Amino acid sequence: MSGEDYDHAAAAAEEKLHCASCGIAQVDDIKLSECNSCDLARYCSHDCQEHHKSEHEEACKKRAAELRDELLFKQPESTHLGDCPICMIPLPLEKEKRKFRFCCCIFVCEGCMHQSFKREMEERRRCPVCPFCREPTPTRDNLMKSSLTQIMKRVKAKDPVAMCLMGGDLGSKGDHIGAFGWYTKAAEMGYADAHYQLSFMYQDGLGVEKDRGKEMHHLEVAAIDGHPGARHNLAVLEFNEGRRERAGKHWIIAATQGQDESIESLMNMFKLEGIEGGRRYVSKEDLAAALRGHQAAVEAYKSPQREAATAFHVNKIFKA
């Protein structure tokens with residue numbers, strides 16, 4: 001840090017020890033509170049904050065946007081799916097490689113499901129159980145009824161995953177207002193996929209008026225929570241509205257989470273900028289790093305048990 005930067009930082013820190021409106025210093029009996037939207041100013045009272053609002057508003061909005069972008073473009077530690085609760089290896093993004101368990105409303109990877117199936121066959125169990133919660137698996141005859149009963153139990157337990165499933169069920173039946181209600185409840189509880197589903201409802205005007213701003217808001221919240229599909233869609237919106245630099249950043253992050261569509265979009269963007277000439281928002285180095293990150297993410301989803309499960313299903317298809 002240069003001397004000038006150090007002086008600037010010291011002055012900023014000193015300012016935060018005083019009310020931005022009246023200038024009173026923070027002492028034992030006077031506590032200062034930060035602005036609700038940014039970290040630039042602190043106040044000794046609500047009246048001081050209101051009095052300083054017009055003077056602070058422009059800088060506040062700018063800093064709030066910067067803080068939002070810092071959060072938005074931070075590489076998530078994992079996807080919104082997290083790890084398989086049994087083998088503790090990241091759950092794959094491909095839907096066919098993970099199985100949903102209605103009894104406990106969680107995903108289990110196909111590798112663990114296959115190992116559980118093998119164990120049950122070896123032990124000749126008459127009643128299969130969930131490999132995670134050990135709840136008996138419903139028979140084909142009462143699968144739908146039993147699954148709905150299990151979901152309702154999870155809804156009563158205020159499980160956002162179950163609430164999101166209720167929204168999906170109502171939406172498939174054309175009850176978009178009801179679906180919107182369930183998705184909203186799940187989103188309020190912090191469930192990333194509910195935010196993702198709400199983005200489609202605002203995009204298409206299903207159960208609610210079309211709203212591009214709210215569509216982007218829900219995509220951003222889901223992306224921050226590690227949803228690669230939401231981040232990819234957010235990149236598409238940014239690209240279509242001419243904000244290529246932001247689109248490129250989103251695609252790079254989603255690609256390093258193992259999202260195939262994003263790596264393809266990133267490569268297409270790189271080719272397009274090569275044809276157009278002019279400024280590049282995705283450099284050759286950026287693309288190479290994204291490709292390495294994508295491959296690393298794909299490898300992280302693999303395990304011997306998952307590969308065995310895939311081979312089993314492939315052999316089963318060929319034998320059929």
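The lining of the second largest pocket sorts into three classes: 14 nonpolar, 6 polar and 9 charged residues. The model behind these counts is predicted. About 860 Å³ of space lies in this pocket. Its lining has 29 residues, and the closest to the centre are Arg101, Met113, Phe117, Pro128 and Thr137.

Which elements build this lining? Strand S3, helix H3 (110-123), helix H4 (143-156) and helix H13 each supply at least two residues. The largest share comes from H3, with 7 residues. Find H3 in the structure, then look for the pocket that H3 helps to line.

Now turn to the largest pocket. Its volume is about 1,200 Å³. The lining has 40 residues, and the closest to the centre are Leu81, Pro92, Leu93, Lys95 and Arg98. By class, the lining of the largest pocket has 18 nonpolar, 10 polar and 12 charged residues.

Several elements contribute at least two residues each to the lining of the largest pocket. Two strands are among them: S3 (98-101) and S4 (106-109). Five helices do so too: H5 (160-172), H7 (192-204), H9 (228-240), H11 (260-276) and H13 (304-319). Watch for S3 and H13. Each supplies at least two residues to the lining of the largest pocket, and each also supplies at least two to the lining of the second largest pocket.

Step back to the whole chain. The protein has 13 helices and 4 strands. Its C-alpha atoms fill a box of roughly 75 × 50 × 40 Å along the principal axes. How does the radius of gyration compare with that of a compact globule of 320 residues? The globule would have a value near 20 Å, but the protein has 25 Å.

Next, consider what is covered and what is open. Of the 320 residues, 37% count as buried. The accessible surface comes to about 19,300 Å², and 54% of this surface belongs to carbon and sulfur atoms. Contacts tell another part of the story. Among contacts with a separation of 6 or more, 49% join residues 24 or more positions apart.

Finish with one residue. Glutamate 15 sits in helix H1, which covers residues 3-15. Is glutamate 15 buried or exposed? Its relative accessible area is 57%, so glutamate 15 counts as exposed, because the cut-off for exposed is over 50%. Glutamate 15 and leucine 40 are 25 residues apart in sequence. In space, their C-alpha atoms are 8.9 Å apart.

Methods:
Residues are numbered from 1 along each chain as its sequence is written. This is a predicted model: local features need pLDDT of at least 70, side-chain atom pairs count only at pLDDT 80 or more; totals for chains, interfaces and linings use all residues. Side-chain values use heavy atoms; hydrogens and water are left out. On a 1 Å grid over the protein atoms alone, a cavity is a set of points where a 1.4 Å probe fits but cannot get out, and a pocket is an open set with protein on both sides within 12 Å along at least five of seven lines; lining residues have an atom within 4 Å of a point. Grid points are joined across faces, edges and corners, and a volume is the space filled by probe spheres set on the points. Ala, Val, Leu, Ile, Met, Phe, Trp, Tyr, Cys and Pro count as nonpolar, Asp, Glu, Lys and Arg as charged, and the others, Gly among them, as polar. The radius of gyration is taken over C-alpha atoms; the globule rule is 2.2 Å times the number of residues to the power 0.38. Buried means under 20% relative accessible area, exposed over 50%, partly exposed in between (1.4 Å probe, protein chains only). Contact means heavy atoms within 4.5 Å. Accessible areas come from the Shrake-Rupley method with a 1.4 Å probe; for residues, only the protein chains shown count as cover.
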